[in-house]
Amino acid sequence: MKNNLYLTLSLNKYLYGINTVYVEEVFNLPELTTISEVPHGIIGFVNLRGKILPVIDLNLKLGYLSPDYRLTDSIVVLKCEDFQLGMIVNQIHEIRELSFEKISTELNSPRLLVEQQANTNMIAGIVNFPDDIFILNEPKQWLEDSEIKQVLSLSKYLQKENYDNYDETQTHDSESLLLQKSIFYPNATLEARKVLKQRADHLRLPTKNQDFQSFKTLAVITLNDHFFGIDLEMVREFVEIHQVTPIPCCPAHIIGNMNLRGEILTVVDLRGLLLNLPPQGVVVGSKAIVIEVEGIVAGVIVGEIYDVMFSLNLQKVMAIPKTINTINEQYCQGATLYNEKTMHILDIPKIFLQGGLIVDEVI
């Protein structure tokens, strides 16, 4: 049974999955350049480190009304062969491992309100886990060949004309007049527009001007309403806990073992270690992150998984505020802001190797 990893995401109150083989990166919604004469579903373009990236709103392609955009929306950058496309989403969820056998090609869900043609081009199947997850086809199938050629042509034109600096007071040729710039996100406040522009300005910086060694990708989780960041390089997958077998004579933070597709996985609760709070145990549907450090693998219970690809600028990491005394600082590498709230960055190697997670085998 062959499994693949799928990034799950929310779009207009529906849950979708896209194979991670197509996913290149994720960033917060920036200001987009919107022009006329574009294929249906393309809502604009953004300069991504010197390359013009078209952005699609799947709501339009699937026949839904496009909801109002928000600052909390994200762009998922997808690549299929030589075609790169940005997809706007409302929320990023966890990465799930799914087998092909679980993907039903019978598109008969009552929640699926799109036309059959859209089903064929965009949706490969449905997974019931436990809610319907609509599995998206490869991005190249979302547009006709002629539409892809048109998008690529427009992207090249915008890059050539430096359309980010388009000045309507200047004289342009007839082709430029067809590409009249309009306003993206017209309902945004002045403050929101400022944020969108700042994001777009940052994305425009060429690679040579960015120190990518100063960036780290985190998974963002919660424990008792506290935000924590975990280095994504140490995260193997995200799972739901269905049944755990207690282990006799173990510390309270070791909840027990679970069978993860034939692998025995030890499940731990870090609340006592990080928050000086008693473990809360496991209920059906509890979530966990499978983490591996130097050959040690464990499932760490979490409250919620808020983000699976949060790009952290290490230059913005700060010391843990002294006013916060509920967090065990010795297992944190610092703090940063996440959605205007303090997030603590966990020192996972120290937690796994020095935090008492290793139990003497004779116990």
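**Entry 1: β4 and β5**

I began with the pairing of β4 and β5 in this predicted model. Strand β5 covers residues 51-56, and 6 bridges join it to β4, the two strands running antiparallel. I then picked out F45 and looked for its bridge partner in β5, which is P54.

Next I checked how the chain gets from one strand to the other. β4 and β5 form a hairpin, with 2 residues between them. R49 sits in the turn and has a positive phi of about 55 degrees.

I also asked myself whether the residues of β4 are buried or exposed. Strand β4 spans residues 42-48, and 7 of its 7 residues are buried, so the strand is largely enclosed by the rest of the structure.

**Entry 2: L53**

I stayed in β5 and selected L53, which lies in that strand. Its relative accessibility is 1%; the cut-off for buried is under 20%, so L53 counts as buried.

Which residues does L53 touch, leaving out those up to four places away in sequence? I listed F27, G44, F45, V46, L48, V77, Q84, L85 and G86.

I looked up one distance as well. L53 and K156 are 103 residues apart in sequence, and their C-alpha atoms are 9.9 Å apart in space.

**Entry 3: the sheet with β19 and β20**

I moved on to an open sheet of 5 strands and wrote down its order as β18-β11-β12-β20-β19, with mixed pairing. Which strands stand at the edges? They are β18 (304-313) and β19 (332-338); each has a single partner strand, so one side of each is left without a neighbour in the sheet. Ignoring direction, neighbouring strands here are turned by 35 degrees against each other on average.

I followed the edge strand β19 to its partner. β19 pairs with β20 (residues 341-346) in the antiparallel sense, over 6 bridges. Within this pair I found A335 opposite H344 of β20.

**Entry 4: the sheet with β16 and β17**

I traced another open sheet of 5 strands, ordered β13-β16-β17-β15-β14, and its pairing is mixed. β13 (235-241) and β14 (254-260) are the edge strands, each pairing on one side only. The average turn between neighbouring strands of this sheet is 35 degrees, direction ignored.

How many bridges link β16 and β17? I noted 7 bridges, in the antiparallel sense, between β16 (residues 286-293) and β17 (residues 296-302). As one opposite pair I marked K287 and V302, the latter in β17.

A reminder for looking at these strands: in a regular strand the side chains alternate between the two faces of the sheet.

Notes. Residues are numbered from 1 along each chain as its sequence is written. This is a predicted model: local features need pLDDT of at least 70, side-chain atom pairs count only at pLDDT 80 or more; totals for chains, interfaces and linings use all residues. Side-chain values use heavy atoms; hydrogens and water are left out. Two strands pair if DSSP finds at least two bridges between them. Helices (H or I, at least four residues) and strands (E, at least two) are DSSP runs, numbered from the N terminus. Axes are lines fitted to C-alpha atoms, for helices over the stretch in contact, and angles run from 0 to 180 degrees between N-to-C directions. Buried means under 20% relative accessible area, exposed over 50%, partly exposed in between (1.4 Å probe, protein chains only). Contact means heavy atoms within 4.5 Å.
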